[in-house]
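Colleague: I would like to learn how to read chain contacts and sheets in a model. Could we go through one together?

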Amino acid sequence: MNHAKNDEIDRNLEKLLESLPDLIPEHEGQYALMRHGNIVDFFSDALDAQIAGNQRFADSIFSIQCVQERADQLGYFSYAVDTRKS
Amino acid sequence: MPSIQGNHNGRAAIVTIAIIDAANYNNHKASDDRVLKGAFPFQALIDTGATRTMIATRVVTRLNLQPVNKLDFAGLGGVSRRNGYLFHVAFYKSPPANASEVSNIQVFKKAINGGELSGENTFDVLLGMDVLTSGNLHINKVGTFRFLF
């Protein structure tokens with residue numbers, strides 16, 4: 001992954017988490033299309049959000065992020081996830 | 001309704017699936033042919049305790065998937081932030097004769113935003129509830145399972 005894309009994903013996630021309390025009531029479970037730390041639009045489906053990003057941003061510098069409060073669970077194999085950041 | 005079936009050993013149910021990149025193609029919803037591009041068989045463990053489907057790093061590497069986001073996962077070591085990918089899951093109606101065979105594939109239409117699973121595992125994919133709740137999963141006592149989707 002190129003650094004610009006990775007930085008964009010990290011920045012957008014941090015911005016989304018900052019705004020999460022305000023977003024949850026209306027957009028929980030939706031996908032936010034984000035660019036440069038700003039939310040461009042919301043979509044009910046991840047693929048729709050990704051397609052919209054591909055069409056709007058030719059440089060691919062954007063990310064999609066699910067509006068959700070809780071971390072996902074990995075069930076029986078939760079031990080397989082370590083605590084290192086990727 | 002399409003379906004696949006297989007065997008379990010009382011401890012785990014493994015199914016052969018394909019993972020197909022969905023992040024870089026805009027016409028997946030309209031074209032099955034495009035969806036099947038790059039299909040490759042992987043071994044998936046059915047895990048009803050996993051809220052999202054997870055793919056091993058070797059799957060990411062094999063398919064050259066690019067992350068679309070990052071996702072938080074709760075494990076025994078606490079919350080871990082992992083790369084998230086956008087892909088389609090496809091089921092083989094029967095075990096493929098070779099890695100490139102796509103004639104007997106049935107594609108699960110919903111795109112999955114799954115995470116990357118680190119570490120060495122005997123399986124390639126954890127098939128989570130984001131897929132399983134879109135169909136009907138039957139696990140029975142005679143050692144077989146069936147998934148209708």
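Modeller: We will take the contact between the chains, then the strand pairing. Keep in mind that this is a predicted model.

Colleague: How many residues does each chain give to the contact?

Modeller: Chain A gives 28 residues and chain B gives 38 residues.

Colleague: Which elements of chain A give two or more residues to the side that touches chain B?

Modeller: They are helix H1 (3–27), helix H2 (46–56), strand E3 (63–66) and strand E4 (72–73) of chain A. The largest share, six residues, comes from H2(A). By class, this side of chain A has 15 nonpolar, 10 polar and three charged residues.

Colleague: How do strands of a sheet pair?

Modeller: In general, they pair through backbone hydrogen bonds, either parallel or antiparallel. Here, E4(A) pairs with strand E5 (residues 69–75) of chain B in the parallel sense, over two bridges. Gln73(A) is the residue opposite Ala74(B) in E5(B).

Colleague: What is the strand order in the open sheet of chain B?

Modeller: The order is E1-E11-E10, three strands with antiparallel pairing. On average, neighbouring strands of this sheet are turned by 10 degrees against each other, direction ignored.

Colleague: Why is one side of E1 and of E10 in chain B left without a neighbour in the sheet?

Modeller: Strand E1 (3–7) and strand E10 (136–139) of chain B stand at the edges, and each has a single partner strand, so one side of each lacks a neighbour there. E1(B) pairs with strand E11 (residues 144–148) of chain B in the antiparallel sense over five bridges. In that pair, Asn7(B) stands opposite Thr144(B).

Notes
Residues numbered from 1 in each chain as written. Chains lettered and ligands numbered in written order. Predicted model: local features only at pLDDT ≥ 70, side-chain atom pairs only at ≥ 80, totals over all residues. Contact = placed C-beta atoms within 7 Å. Helix = DSSP H or I, 4+ residues; strand = E, 2+ residues; numbered from the N terminus. Nonpolar A, V, L, I, M, F, W, Y, C, P; charged D, E, K, R; others polar. Pairing = 2+ DSSP bridges. Axes fitted to C-alpha atoms, helices over the stretch in contact; angles between N-to-C directions.
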